[in-house]
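Me: I've just opened this one and don't know my way around yet. Can you walk me through some of it?

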Amino acid sequence: MFELQVERSSDRVAVVFENTQLTYRQLNQRANQLAYHLRNLGVGSEVLVGICLERSLEMIVGLLAILKAGGAYVPLDPTYPSERLAFVLQDTQTSVILTTASLLKSLPAHGAQVVCLDSGWEVLSQNSQENLVCEVTPDNLIYIIYTSGSTGHPKGVTIPHRGIYNQLQWRQTTFELTEADKVLQNISLSFDPSVWQIFWPLCFGAQLVLARPGGHQDPAYLVNLISEQQITVIALVPSMLRVLLEQKGIENCQTLRHITCGGEALPIKLIEHFFSKLNLDNVLHNCYGPTEASIDATFWKCQHGTNYLIAPIGRPIANTQIYILDEDLQPVGIGELGELHIGGAGLACGYFKRPDLTREKFIPNPFSKEPGAQLYKTGDLARYLDDGNIEYVGRLDSQVKIRSFRIELGEVEAVLAQHPAVQQSVVVAREDVIGDKYLVAYVVLDRNRAAITDEVRRFLKQRLPDYMMPSGFVILEALPMTPNGKLDRRALPEPAQIRQELEETFVAPRDEVELQLAKIWQKVLSVHPVGIRDNFFSLGGHSLVAVRVLAQVEKAFKKNLPVSTLLQNPTIEQLAVILRQSELMNSWSYLVPLQPRGSKPPLFLCQGIGIYQPLITYLDSEQPVYGLLSDDEQGKPVKLDRLEEVAFNYIKEIRTLQPEGPYLLGGHSFGGVIAFEMAQQLISQGQKVALLVLLDTFLPGTTKAIPMDKRFSLHLNHFLQIGPTYLVEYVMEKFSKTYGKFALKHKFFRIKTLEHLVRQAAYYRTVVKYAKHYVPQVYLDRIILFMASEKSVQVEPELGWTKLVAGELESHEIPGNHFGILKEPNVRLLAEKLQVSIDRGLTSSRQ
Ligand code: AMP
C-alpha cells in the first residue's frame, strides 16, 4: 500500500520531524536501502526484528524497511528498564535489532545482529533504492506488542498484516484522509495506536508529523505543535485530552478534524468540556479495542447534549463482530451485562509462545460458519443499549487502566513477590480524585523497616516500566482478612500512610521558595506534609499531575517551566534550585549552568563551555557544574583591563548562586589562572576553597614555545605513527576547541568556525594583556594540577607552580595534549581523578 502511494505522491512530503523531512520518494528509497540489508541478514516473513529507536525519521525508515524485507517488528522502548527489554529479547529471540549507536548502550546483553541507523548509514546507503519483491501474505506477522501479563511477565500479542489492513481500510473509508491532512505521531511504538498513526497517512498520501522524543508528555508542546503544524488528525487518551483542553492556545487548534480518543472510558463531562472549548462537530471519537484485536474494534462519534452517563463505545468497525455473552457463551439481553467478545478480521494470532493462554482467550466462534473463526474474550464487562450502541461498564478481572496504560495488578504483585524481603503484597488502583487513578502497593515485609521501602521501590523500577510503578507503598504488619480468610480490600488503609513510611527521609522546607512549592505539591498531590527530598513520582505524581503543578508554579512564581523540568528535577529541593536559578540567570553576565542538577556544592569552571562537556558527563550526577565566560569569549566588548577585576566580577556572580563556601573552582589553560586568582580573593574574603584545580595551566611567564625544529619532529612523529588522519585531526582540533568532533560534521560548521576563530583571536589578545600585568601571589592552600602528557611548549616542572604554592601542590599527568586531556578517551581518567579530588576537598573542608 505504501509503495503504491509512493508512485502517486513521490514528491510530496511524507514525514516531518522537527525541521527535517522526507518526501515519499526519499522515504521509500531509504527504506529500500535498509530493507536490502535486512534481507541480507536473513530477514523475511515471520522473522522478528527488534526496533529500539526514539521518534525520528530513522524510526519510520526502520519500520518500513522491516516490513519491506518481509519481517515483523518488535518495539523495544528505550525508556523501559533493561530487565524488561531483556525479557522481550529473550522471549522473541530476535535475530536483528535496529537502533542507534547511543541507544545501543541501554540495551541488555543479547545475541542479535545490530544495525545502527546513524553510524551505519554510510554503508547502508550503498544498497539499491529500488523496491524489493514483497513476499508477505496477509497471514504473516506484522508486529508483536508486549502487554502486561498477570503471571509476572508481559505477554506478546502477535498481529498479522490482515488485521492492520482491515484497520487502515476502515479508517480510510470512514474518516477519509486526503493529501491535505497532517497526522500527528505522539504514541510510543509499544502501544498499538502508533500503528495507525504511522501507516494510515503513509498509505493514503497524507503527511506524518512526528512529535519530538518525550514531547508526547508535554501538553504545552503538543498544543503548540498542533497549531504551528496545522495538524488535522490526532490520537489522545482521555487524561491527555483533559489537560490539553486546559492549555493556553488550545483555541488555536481549529485545524483538527479527527480525534481518536480511547484506551479507557471517556466521561461525558469531558466530551461536553471538549465542545465548550473547541466548537468542533464530528471530530471527537470514542474508540474502543484491545491490542488483541488490531487496535480499534468499535467506535462512537461523540455528540453534544446526550442522555448517556458514560460515552458509549458505539458499534463495531468494518469486518468485526461484537458479542456480549454470559458465562455459557449465550448472548445476554439488551441492557444486560455480559463479557464483550470480539470476532472478525482484526483478531491476533494469539499470544507469542503461550498456547495455553491463547486457547483460553481465543475461543472457537460458536456463531460463525467460517472454519477456524474465533472470538477473543476481552474480559470487559459491557451491555447493549436500546439504540444499538454498546456501553463499556468495567472489567471482570484485575486488569486496570492508569492513564490508559494497561496494567495487570497481578504482574506488579508477582514482581514484588520476587523481592526476598517481601512476604505478602497486594496492589490496588485507587481513585481518590475522579479521573486520577494511581497504584498503591500494600506490602508485608519480613523486616519491618522503612528504609527497605526504597530498596523495594528500586527493585521494581529495574523491572517495570514507569507507568506500572506503584505511586504509594504502604507497609503493613499483615494484610487485612475477611472472616472467611479472603483479602479484605475495603479494610486496606488509605495511602495517607505513605507519609508515615517516608518519615525517616523527611526534610521540611527551608526557605520561602521551598515552602511555596511544598504547598503546591500538597494541594495537587493531596499528600500532607511533603518534604523537600520526597520524590514527585513516589508521592503519586505523573506527567499529567506535573502539568497541574507547573500551572500553579507559574501563578506563584511567574515562571513558565516545561514539564521536562519537573520530570528531571523530581524533588522540591531540586525544583527550588531551578526556580531560584531562573530568577538569577537573568541577572548573570558571566555564569552559565552547564549541569545545574545535583545536591553537591557547584563546581565553577572558568573560560569555556563546550570544552568541559565531556568531562561533566563523567562526573557524579549529583555534581552541579557552572561555566564562567568572559566578555571576549561571549563576543562582547572587553570592559575589564585586569585579571583581578575579572576574578572579582566572577566572584560577585558565583556568590549570588552560592553565598558561602566551601567553593570548588577550576579552569583549563588560562581559565586556571583566573580560578587561581578567584581562590586568592575568596580566601582573603574569609571563605573556604575546598578545591582549586588547574587543567594544564601554565604559570604565566614560565613557558617558552618549543623550537620550530622540535615541534616539526613532534608532528612528524605523530604523522608517521597515525598517517594522514593525524593532519586532519590536528586541523580539526585547532577548530574544535569549543565544538566537539560531532559538531564539526554539522553543516553549519564552517560558519560557526569562522565566527569562533574571530572570537578566539580576540580571546588570545585579552589573555596576553591580562597575563602581562598579572602578578600572582603565593598560595597558602592546596592546588590540584592536571598536566597533559604531550607538551607543545617548553615548561618548567609542575608547569611553574612549585614556586608559588606554599601549601600543597598535587600533580597528575593525563595522557593527551593540551586539549586532548578534555576529550575521549583521556577525559575519563581526568574525570575519575577530579571526582576524587572534589570529594576529598569537600570532606576535609567540613572537618
Ligand atoms: P489495550 O490493549 O492497551 O488497548 O487495552 C485494551 C483495554 O482498554 C480494553 O479491553 C478496555 O478494557 C480498555 N479500553 C480501551 N478503549 C476503551 C474505551 N474507549 N472505553 C473504555 N475502555 C476502553
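**Helix pairs, then the odd spots**

Reply: Sure, let's begin with helix H16 (residues 512–525) and helix H17 (residues 543–557), which pack at about 140° with their axes 10 Å apart. That angle makes H16 oblique to H17; roughly parallel is under 35 degrees, roughly antiparallel over 145, roughly perpendicular 65 to 115, and oblique is the rest. Axes are lines fitted to C-alpha atoms, for helices over the stretch in contact, with angles from 0 to 180 degrees between N-to-C directions. Helices (H or I, at least four residues) and strands (E, at least two) are DSSP runs numbered from the N terminus.

Me: Is this a predicted model, and what limits go with that?

Reply: It is a predicted model, where local features need pLDDT of at least 70 and side-chain atom pairs count only at pLDDT 80 or more, while totals for chains, interfaces and linings use all residues. Residues are numbered from 1 along each chain as its sequence is written, and side-chain values use heavy atoms, with hydrogens and water left out.

Me: Back to the pair. Which way does H16 pass H17, left-handed or right-handed?

Reply: The crossing is right-handed, meaning the near helix is turned clockwise from the far one by less than a right angle, with anticlockwise being left-handed. On the H16 side the contact (heavy atoms within 4.5 Å) includes Ile520 and Trp521, and on the H17 side Val549 and Phe557 are among the residues involved.

Me: What classes of residue make up the contact of H16 with H17?

Reply: Eleven are nonpolar, two polar and two charged. Here Ala, Val, Leu, Ile, Met, Phe, Trp, Tyr, Cys and Pro count as nonpolar, Asp, Glu, Lys and Arg as charged, and the others, Gly among them, as polar.

Me: What does UniProt list for residues 508–583?

Reply: An unreviewed UniProt entry gives "domain: Carrier" there. Over residues 508–583 the chain is 62% helix and 0% strand, and the end C-alpha atoms are 23 Å apart.

Me: Got another helix pair?

Reply: Yes, helix H10 (residues 238–245) and helix H11 (residues 268–277) pack at about 35°, with axes 10 Å apart. H10 passes H11 in a left-handed crossing. Pro238, Leu241, Arg242 and Leu245 in H10 meet Leu270, His273, Phe274 and Lys277 in H11. That contact divides into five nonpolar residues, one polar and two charged.

Me: Zooming out, how many helices and strands are in the protein?

Reply: There are 27 helices and 35 strands. The C-alpha trace spans about 95 × 65 × 50 Å along its principal axes.

Me: Any unusual backbone spots?

Reply: Most residues other than glycine have a negative phi, and most peptide bonds are trans. The bond from Gly661 to Pro662 is cis, with omega near 5°, and Pro662 is in the loop between helix H21 (643–657) and strand E30 (663–668). The bond from Glu824 to Pro825 is also cis, with omega near -5°. Gln607 has a positive phi, near 60°, and is found in the loop between strand E28 (603–606) and helix H20 (613–617).

Me: And Pro700, where is that found?

Reply: Pro700 is in the loop between strand E31 (689–695) and strand E32 (704–705). Leaving aside neighbours within four places in sequence, Pro700 is in contact with Val673 and Ala771.

Technical notes:
UniProt positions renumbered as here; feature names shortened; annotations may be inferred.
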